[in-house]
Amino acid sequence: MMAIFVLLLLIFAAAPIILNMYWAYRHLSKTQNILKGLVENQKENKIENGLLIQIVRDCIDAEPSGIIGVGRSTMALTLTVIVGISIIYLLVYNISAEGPIKDLLLTVIGAISSIIGFYFGGRALQESPSYPSTTSSGVAPTEVNIKPYVTDLAPDKLSPQVAGTTINWIATAIDPDGDQIFYKFLLKGPSTNNQLVAKTQGWIKEGTWDWVTTPGDIGLNLIEVRVRDGKHADEEGYDSRMIVSYQVIAESQ
């Protein structure tokens with residue numbers, strides 16, 4: 001009977017921890033697959049080195065997903081069960097006050113109670129709002145959310161084109177988490193006095209922009225696309241960008 005009780009107690013204590021280890025393994029596998037894809041894009045020069053480094057750092061700093069504190073909670077419940085059973089044993093069997101078994105049980109109860117109070121009380125203080133656990137970026141670690149990144153920016157007509165031509169720019173971006181991606185197209189060239197000017201009304205959901213060129217665009221132009229998913233950079237910033245040069249020429253006489 002005692003052996004069955006001990007076995008059940010071990011299963012009760014180990015099952016949640018084993019389940020959390022499984023979730024952590026799934027989290028690690030997902031992160032590895034994301035990083036492999038990013039590295040392949042970086043080899044093809046489709047992602048900026050700085051962004052790749054930041055993504056890797058965020059993945060390293062982030063804690064695995066799962067139920068937070070399940071290990072400590074399970075340990076606390078297990079120790080509490082042991083203490084409770086010890087007390088019930090003393091009361092039911094009315095062990096002599098001078099008996100060695102009673103002395104042993106009282107010692108175990110005292111030691112476990114001290115462990116519960118010291119360890120779990122200290123952990124609660126450490127993880128209270130006054131002492132938040134954070135990543136290197138200062139954000140409390142949760143399941144990893146990867147920034148979107150631009151993989152391509154291409155026109156539907158090859159450079160150069162004569163002024164007056166409408167050029168459709170198509171941006172391709174990837175968000176590993178499947179979040180909605182927002183785009184912003186900007187132009188820098190003769191018509192903007194070589195200043196970077198947004199050509200879309202804020203952030204848009206479509207990765208396309210029609211550029212109707214004019215004689216004022218004759219010369220070298222830089223077209224830039226920026227992307228964000230709303231979970232990292234604010235509306236004034238961006239998560240990733242790509243810049244392409246384009247030549248507009250005068251119509252031959």
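This report walks through a predicted model of one protein chain, from its overall layout down to a few single residues.

**The chain as a whole**

Let us start with the broad picture. The chain holds four helices and eight strands. If you follow the sequence from its beginning, the pattern is α-α-α-α-β-β-β-β-β-β-β-β. The chain has 253 residues, and 32% of them count as buried. Its accessible surface is about 15,700 Å², and carbon and sulfur atoms make up 61% of that area. Contacts can also be sorted by how far apart the partners sit in sequence: among those with a separation of 6 or more, 65% link residues 24 or more positions apart.

**An open sheet**

Now look for the sheet. Five strands form an open sheet, and their order is E2-E8-E7-E4-E5. The pairing in this sheet is mixed. Which strands stand at the edges? They are E2 (161-162) and E5 (197-198); each has a single partner strand, so one side of each is left without a neighbour in the sheet. Strand E2 pairs with strand E8 (residues 240-249) in the parallel sense, over two bridges. To find this pairing in the model, look for Val162, which stands opposite Ile249 in E8.

**Pro155 and its surroundings**

Pro155 belongs to strand E1, which covers residues 149-155. Is this residue buried, partly exposed or exposed? Its relative accessible area is 24%, so Pro155 is partly exposed; the buried class would need a value under 20%. Apart from neighbours within four places in sequence, Pro155 is in contact with Ile167, Asn168, Trp169 and Tyr246. Another residue to find is Val244: 89 residues separate it from Pro155 in sequence, while the two C-alpha atoms are 9.3 Å apart in space.

**Asp179 in a loop**

Asp179 sits in the loop between strand E3 (166-174) and strand E4 (182-188). With a relative accessible area of 17%, Asp179 is buried, because the cut-off for that class is under 20%. Which residues is Asp179 in contact with, once its neighbours within four places in sequence are left aside? They are Asn145, Asp229 and Lys231. With Asn145 there is also a polar contact, which joins the two side chains at 3.0 Å.

**Unusual backbone spots**

Some backbone details deserve a second look. Most residues other than glycine have a negative phi, and most peptide bonds are trans. Against that background, the bond joining Ser159 and Pro160 is cis, with omega at about 0°. Pro160 lies in the loop between E1 and E2.

Asn193 and Asn194 are also worth finding. Asn193 is in the loop between E4 and E5, and Asn194 lies in the loop between E4 and E5 as well. Asn193 is not a glycine, yet its phi is positive; Asn194, also not a glycine, has a positive phi too. Their values are set out here.

| Residue | Phi | Relative accessibility |
|---|---|---|
| Asn193 | about 55° | 64%, exposed |
| Asn194 | about 60° | 49%, partly exposed |

Why do these two residues fall into separate classes? The exposed class needs a value over 50%, so Asn193 at 64% counts as exposed, whereas Asn194 at 49% counts as partly exposed.

Note on methods:
Residues numbered from 1 in each chain as written. Predicted model: local features only at pLDDT ≥ 70, side-chain atom pairs only at ≥ 80, totals over all residues. Heavy atoms only, no water. Pairing = 2+ DSSP bridges. Buried < 20%, exposed > 50% of the residue type's maximum accessible area, 1.4 Å probe, protein only. Contact = heavy atoms within 4.5 Å. Polar contact = N/O pair within 3.5 Å; in protein donor to acceptor, adjacent residues only side chain to side chain. Areas by Shrake-Rupley, 256 points an atom, 1.4 Å probe, with all protein chains shown as cover.
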